Amino acid sequence: MGPWCRHLVPHLVSRDRSSSPRSRTASPDPRRVLNRRRHCGRRQPIDRRAAVDNRHRHLFARGEEVRVQPPEDLRGKKLKSLVVLSLCGALASLPLSATAQTAKRCLIGAYQLENGQTLDIAPSRGDTLHWTAFTGETGRLRPQADGSWTSTVGWTDRPATDTLSSADCKDGEKSEITFGGKRGHRLAFDVSETRFESNGIKLVGRLVLPKGKGPVPVVVLLHGSEDDSARDTNSLQRALPAEGIGVFVYDKRGTGASGGAYTQDFDVLADDAVLAMREARRLAGARAGRVGYQGGSQGGWIAPLAAQRSPVDFVIVGFGLTVSMIDQDQQSVALEMRTNGHSAQDTEKALALTRAGERVIESRGRDGYEAFDALRQKYKSEPWYKDVRGNFLHLVLPLDKAQIVEGLNTKYKFETSFRYDPMPTLRASTTPQLWILAADDRVAPSAESAASIRSLIAAGKRYTLAVYPGADHGMTEFEVNPDGRRVSTRFPKGYFQMMRDFIRDGRVGDAYGNAVMTLPAGGQ
């Protein structure tokens with residue numbers, strides 16, 4: 001298993017049992033990136049709902065479905081109750097035959113069907129593919145002996161009615177397909193590869209524009225906490241250009257082909273985002289219309305901060321937070337306790353344990369271990385103890401001091417903005433923002449963040465809030481298996497269209513599926 005836990009902090013490691021999108025396969029040839037992609041672990045597809053950051057977890061944000069083995073704690077011991085999020089861990093793809101590999105590479109790309117709908121076909125594990133419609137439907141594709149591909153409903157194993165068939169490859173690509181009985185053709189884009197510098201570090205990016213000569217809006221895609229290559233995995237680089245929107249995607253420092261060390265220092269990442277935005281403007285030239293950011297999960301902290309440092313036209317935050325990482329961990333624990341039916345008194349005990357563990361993590365094991373261990377010993381026999389996970393507390397719960405110190409100073413030795421409070425930036429910002437939150441997000445509990453955005457809207461901010469009931473982290477709807485695992489079935493109706501409209505027009509329409517909308521007080 002790959003570095004499943006590059007993200008010690010929120011959005012990476014799973015706390016419960018579920019299946020969702022996001023995973024990763026072998027790196028594609030950079031010359032054919034738009035026709036291929038991989039994903040980090042769930043979010044983009046994985047067996048997760050237990051893991052975190054980014055379904056971006058979000059399939060469209062990253063690609064492929066993978067059921068991962070239990071991750072390891074700081075010692076390397078398997079944590080049987082956890083699964084890595086599709087956005088988080090990295091699994092090498094299973095070896096394929098040359099024929100299967102050729103078939104997969106041949107089909108991967110963006111298509112427009114005869115009914116006007118756009119469809120993305122992405123790599124998945126083994127010899128399977130994964131499709132996603134811009135309307136939110138999604139599923140796994142399995143090859144059949146006759147050359148066709150059958151589909152599942154989302155990341156479940158239930159068969160769907162849609163099948164995929166196609167003609168022979170031309171120049172290594174499928175030019176036409178038939179999906180669900182509808183014919184479709186591959187979409188071509190104008191692609192520019194680039195390298196740019198941020199504070200002495202070389203970063204690698206790509207601008208993808210719809211074909212044409214006129215101006216188009218351009219969105220800069222910001223990473224979550226995953227450590228894979230966004231240029232390889234983020235399928236929004238195809239999905240949005242298929243809808244007439246330019247995209248700039250880049251490997252953040254310490255990932256993919258970019259230089260530097262992996263970090264979760266938001267100041268550094270925001271500076272990098274600003275330089276990425278300027279590079280996107282430079283490459284697009286006269287074709288650059290409205291320019292802004294889209295960031296999911298941890299990217300939701302970075303995007304508003306970057307916009308405050310250098311003006312842009314818009315910001316989109318998906319399944320992000322208006323609280324700090326530390327607060328997120330505590331809110332996650334409180335939600336776990338409520339969900340499992342524990343009392344307010346027991347919740348206070350769990351939160352005391354959480355705060356003690358967070359002190360140990362922040363200090364890399366130098367401070368607070370004795371107090372933390374005392375609470376563990378005091379509460380470990382109580383019924384609620386087994387239900388405490390949090391976003392990163394669970395990494396140290398089973399470990400002794402030596403194991404914690406070693407793990408936090410080796411595997412997880414990267415800067416992390418545990419205490420960054422985004423509210424001062426959000427209060428000061430004059431950039432129009434769209435916040436899309438998942439009501440049933442167990443990784444980044446959304447209730448307090450939704451309330452904070454509503455208060456900012458009431459105070460006159462040009463913010464728009466959309467909350468999707470029945471959606472989890474990475475913005476996927478789900479069903480619950482008999483064993484209690486959440487399994488992602490699709491993206492909410494209207495989710496992708498809402499982002500498209502806001503990027504293009506600076507405003508949203510009246511309705512997007514079942515999203516509960518709060519619009520700017522003075523109108524859009």
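Show the surface of the protein chain to begin: about 18400 Å² is exposed, and carbon and sulfur atoms supply 49% of that area. The model is a predicted one. Of the 524 residues in the chain, 62% count as buried. Switch to a cartoon view, where the chain shows 12 helices and 22 strands.

**The barrel**

Select strands β3 to β10. These 8 strands close into a barrel, in the order β3-β4-β5-β6-β7-β8-β9-β10, with antiparallel pairing. From one strand to the next, the twist averages 30°. For one pairing in detail, select residues 118-123, which are β4, and residues 129-133, which are β5; the two strands run antiparallel and share 5 bridges. Which residue of β5 is the bridge partner of L119? Label A133 to see that partner.

**Parallel strands**

Strands of a sheet pair through backbone hydrogen bonds, in either a parallel or an antiparallel sense. For the parallel sense, select β13 (residues 216-222) with β15 (residues 288-296), which pair over 6 bridges. Here V216 stands opposite A288 of β15. Keep β15 on screen and add β16 (residues 314-318): these two strands also pair in the parallel sense, over 5 bridges. In this second pairing, G292 stands opposite F314 of β16.

**Helix α5**

Move to residues 299-309, helix α5. Is this helix mostly covered or mostly uncovered? Mostly covered, with 9 of its 11 residues buried. To display the buried residues, select G299, G300, W301, I302, A303, P304, L305, A306 and A307.

**Helix α7**

Next, select residues 344-362. This is helix α7, with 19 residues; from the first C-alpha to the last it reaches 26 Å, close to the 27 Å expected at 1.5 Å a residue. Colour its buried residues, which are D346, T347, K349, A350, L351, L353, T354, A356, G357, E358, V360 and I361. In an α-helix there are 3.6 residues a turn, so residues three or four places apart point the same way. What do the buried residues of α7 pack against? Add α6 (325-339), α8 (369-379) and α9 to the view, since these are the helices they pack against. Just after α7, stop at R364, which takes a positive phi of about 55°.

**Aromatic pairs**

Now show the aromatic side chains; the structure holds 16 aromatic pairs. Start with F266 and Y420. Their ring centres are 5.6 Å apart and their planes stand at 85°, which is over 60°, so the pair is edge-to-face. The pair links distant parts of the chain, 154 residues apart: F266 belongs to helix α4 (residues 266-284), while Y420 sits in the loop between α9 (401-408) and α10 (423-428). Both F266 and Y420 are buried.

Then go to W384 and Y385, a tilted aromatic pair, with 6.1 Å centre to centre and 55° between the planes. Are these two residues buried or exposed? W384 counts as buried because its relative accessibility is 0%, under the 20% limit. Y385, at 15%, also falls under 20% and therefore counts as buried.

For the last stop, select F134, W155, Y468, F491, Y495 and F496 together. These residues form one aromatic cluster.

Notes. Residues numbered from 1 in each chain as written. Predicted model: local features only at pLDDT ≥ 70, side-chain atom pairs only at ≥ 80, totals over all residues. Heavy atoms only, no water. Phe/Tyr/Trp six-rings, centres within 6.5 Å; stacked < 30°, edge-to-face > 60°. Helix = DSSP H or I, 4+ residues; strand = E, 2+ residues; numbered from the N terminus. Buried < 20%, exposed > 50% of the residue type's maximum accessible area, 1.4 Å probe, protein only. Expected span 1.5 Å × (residues − 1). Contact = heavy atoms within 4.5 Å. Areas by Shrake-Rupley, 256 points an atom, 1.4 Å probe, with all protein chains shown as cover. Pairing = 2+ DSSP bridges. Axes fitted to C-alpha atoms, helices over the stretch in contact; angles between N-to-C directions.
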